[in-house]
Every structure is written in C-alpha cells, then in structure tokens.
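Have your viewer open and your selection tool ready. We will walk through this model stop by stop, and I will tell you what to pick next.

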Amino acid sequence: MNYLSIKYFLAVANEMNITQAAKKMYISQQSLSEHIVKLEKEYGVSLFERAPRLKLTYAGEKLKELAERAVDLDAEMDFVLSEISTQRRIYLSIGMSPVHGRIILPCILPQFCAQNPNVSLKLTLENSNKIIEQLVNRKLDLIICFKPPVSSSNIVTMPIIKDRFCLLISKKLLDRLGITFEEATRDETTWISTLKQLPYIMSTPGTRVNMAATGFFHEKGIKPDVLIEVIDLEAQFSFCKAGMGAMFSFEIFARHKISELAEKDVFFIPIEASDVSSELMVAYRKERFKGASGRAFIECAKQFFADEEKSAGTV
C-alpha cells in the first residue's frame with residue numbers, strides 16, 4: 001500500500017473535487033489524478049465514477065472507510081510513541097466557543113502546560129456547530145461545547161456542567177424604570193411586568209443565545225423592544241453595563257464579566273430556556289483520544305467547572 005496515495009485518495013473522497021483536493025494537498029491536479037489511477041490499478045477496481053459528476057463507487061466507499069481507520073491508527077501510533085519519548089512534542093488540537101475559550105483557557109492552561117511541558121496545543125475558537133463538524137471530520141482531537149447534536153458510536157461525550165441561561169440587567173437601567181433589582185424580582189407578576197418594559201441588546205438570529213431568548217419571550221408572551229442587535233457578547237455587555245438595555249447570555253460568561261467590575265452594578269438572574277440545552281460537554285473521537293495528555297486536559301477542565309459550580313452555589 002502506498003500510504004501517500006491513500007492520503008491523496010482521502011482528500012479527493014472528502015472534497016469530491018479534484019481541483020479543491022489538489023489545492024488542499026499542495027499538489028498538481030495531474031499528479032493527484034495519477035495517484036488515484038495508480039491505486040485503481042493496484043487494487044484492480046474503480047474508485048470513482050467520473051461522470052456526470054465525481055462520485056465514489058462501492059469499492060471507493062469501502063476504501064475510504066478502511067483508509068480513515070488506517071490514518072487514525074497511524075496517528076494513534078505516532079501519538080502513543082510520542083508520549084513515551086520525552087524527546088518528541090505531542091500535538092493536541094482543542095476546540096471550544098470564543099466566549100468559553102476566553103474564560104476557561106486562561107484558568108486551566110497554565111496548570112496544564114506546566115504539568116505537560118512536551119505538549120503543544122492547537123486551539124480553535126469557533127461556534128459549537130463548527131467545532132462539532134471539525135471533530136467529526138477528524139480535524140480536532142477534543143472539544144468543549146454544548147450538547148452536540150450528533151449521534152455517532154465514534155464520538156464520546158462527557159457532561160461537565162450546566163451553564164444556565166440568564167438575563168443581565170444594570171442598576172442604571174433599573175434606576176430609569178424607578179425600581180430596584182430586589183423589587184423587580186420579588187414575584188413572577190412584577191418580574192414579567194418589568195421585562196415587558198425593558199429595551200434589549202440581542203444576539204443575532206441563529207445564535208444559541210438568540211434562540212434561547214426568542215423561546216423565552218414566546219413562553220412569557222413578551223414582544224421585546226430590541227434596541228441593538230450584535231453577535232459579540234463582549235459588545236453586548238458594554239452596552240448593558242452602560243444602561244442601554246438588558247441582555248441574555250449563559251451564566252459562566254455573566255458571572256465572570258460581573259466579577260471584573262469595580263462596582264457590582266450589573267445583576268444576572270437564571271431563566272428557563274426549554275428549547276436550548278445548557279449542558280456543556282467534553283467530546284472526543286474515541287479512536288483518536290490523545291492518551292495521557294487528553295486525560296490531563298479533561299481533568300483540568302473538570303476542576304475548573306467544579307469550582308464554577310461551587311461559585312454558582314453561593315450566588
């Protein structure tokens with residue numbers, strides 16, 4: 001078996017486009033085609049239907065399945081031997097959302113890197129859908145995300161914390177309404193009445209926060225007065241702190257942003273969002289799990305979230 005030809009075959013099988021696969025593998029289209037033809041001659045089968053469009057044959061589908069396993073096994077072999085040898089660096093690719101990454105990673109990476117000096121990290125900070133896709137496509141080793149909407153025997157998931165959906169509101173905004181936070185949250189009737197009077201800083205449609213907020217408004221019969229719509233939670237918090245409107249986020253973000261304020265003049269209150277999962281998970285492909293270093297990262301993350309749960313219990 002020509003291992004290089006197998007890698008080129010997988011590139012074409014994943015892209016289903018010779019031009020794109022050639023660009024991705026930094027090889028000419030002619031050379032790439034020659035590798036595919038060489039494999040077909042070696043195994044005596046056609047791997048692709050060329051017309052009317054490029055498509056895997058049955059033999060091609062089987063080779064793709066087996067080749068992916070071979071590539072994973074090669075990666076695992078390299079990784080295991082790298083961990084044994086102190087002379088070689090280990091590469092661990094991790095994905096999570098930008099919001100969680102900015103909060104979680106500075107807390108856990110100093111300890112992780114000190115305890116694992118031979119590990120180099122590749123970090124991807126994207127939304128949950130993108131990092132889940134990259135995990136499925138073997139581009140990431142491990143991710144932290146909200147409960148992944150994928151069902152695969154190859155994906156291992158481990159719940160780590162409930163990151164509750166919540167609303168943030170500033171003292172400045174409540175002062176304009178002539179009500180204190182304690183008064184506004186005294187009972188359900190007063191709370192709903194207050195919510196109906198508020199202007200809102202909203203995440204853009206399609207985001208998890210927007211979907212949760214939209215579901216909440218629908219359940220409570222509220223037609224929100226949306227003052228600003230912006231995807232960036234940091235920008236939303238700045239507007240919220242200035243008293244321009246209330247905003248929604250998840251609790252870890254809310255608690256950390258409020259803890260940074262000199263004066264605690266922004267409040268948050270957890271709310272129910274039945275349509276959106278608030279369960280954060282660690283997920284990884286079991287055939288690509290990165291041994292001791294992967295377990296060490298998960299343990300550091302679990303300790304961080306255990307501390308978060310203790311903090312949440314004091315709110």
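Start with the sheet: select its five strands, which form an open sheet in the order 9-8-10-7-11, with mixed pairing. At its edges you will find strand 9 (225-229) and strand 11 (266-270), each of which pairs on one side only. Going from one strand to the next, the twist averages 35 degrees. Keep in mind throughout that this is a predicted model.

Now narrow the selection to strand 8 (residues 199-202) and strand 10 (residues 246-250), which run parallel and are joined by two bridges. Which residue of strand 10 stands opposite I201? Click on M247 and you have the partner.

Next, add helix 10 (residues 208-220), which lies across strand 7 (165-170), strand 8 and strand 10. Turn the view until you can compare directions: helix 10 runs at about 120 degrees to strand 10.

Leave the sheet and move to helix 3 (residues 29-43). Its 15 residues reach 22 Å from the first C-alpha to the last, close to the 21 Å expected at 1.5 Å a residue. Show the side chains of L32, H35, I36, L39 and E40, which are buried. Look down the axis of helix 3: these buried residues fall within an arc of 135 degrees, so they line one face of the helix. Their packing partners are helix 1 (3-15), helix 2 (18-25) and strand 1 (48-49). Rotate to the other side of helix 3, where Q30 and K41 are exposed.

Just after helix 3 comes G44, with a positive phi near 70 degrees. Two other stops share this theme. Most residues other than glycine have a negative phi, yet the next two go the other way.

Select M16, in the loop between helix 1 and helix 2. M16 is not a glycine, but its phi is positive, about 55 degrees. With 30% relative accessibility, M16 counts as partly exposed.

Then pick Y26, in the loop between helix 2 and helix 3. Y26 is not a glycine either, and its phi is also positive at about 55 degrees. Is Y26 buried or exposed? Its relative accessible area is 76%, so Y26 is exposed.

For the last stop, select A51 and P52, which are joined by a cis peptide bond with omega of about 5 degrees. Most peptide bonds are trans. You will find P52 in the loop between strand 1 and strand 2 (55-56).

Definitions and conventions
Residues are numbered from 1 along each chain as its sequence is written. This is a predicted model: local features need pLDDT of at least 70, side-chain atom pairs count only at pLDDT 80 or more; totals for chains, interfaces and linings use all residues. Side-chain values use heavy atoms; hydrogens and water are left out. Helices (H or I, at least four residues) and strands (E, at least two) are DSSP runs, numbered from the N terminus. The expected span of a helix is 1.5 Å times one less than its number of residues. Buried means under 20% relative accessible area, exposed over 50%, partly exposed in between (1.4 Å probe, protein chains only). The arc is that of the directions from the helix axis to the C-beta atoms. Contact means heavy atoms within 4.5 Å. Two strands pair if DSSP finds at least two bridges between them. Axes are lines fitted to C-alpha atoms, for helices over the stretch in contact, and angles run from 0 to 180 degrees between N-to-C directions.
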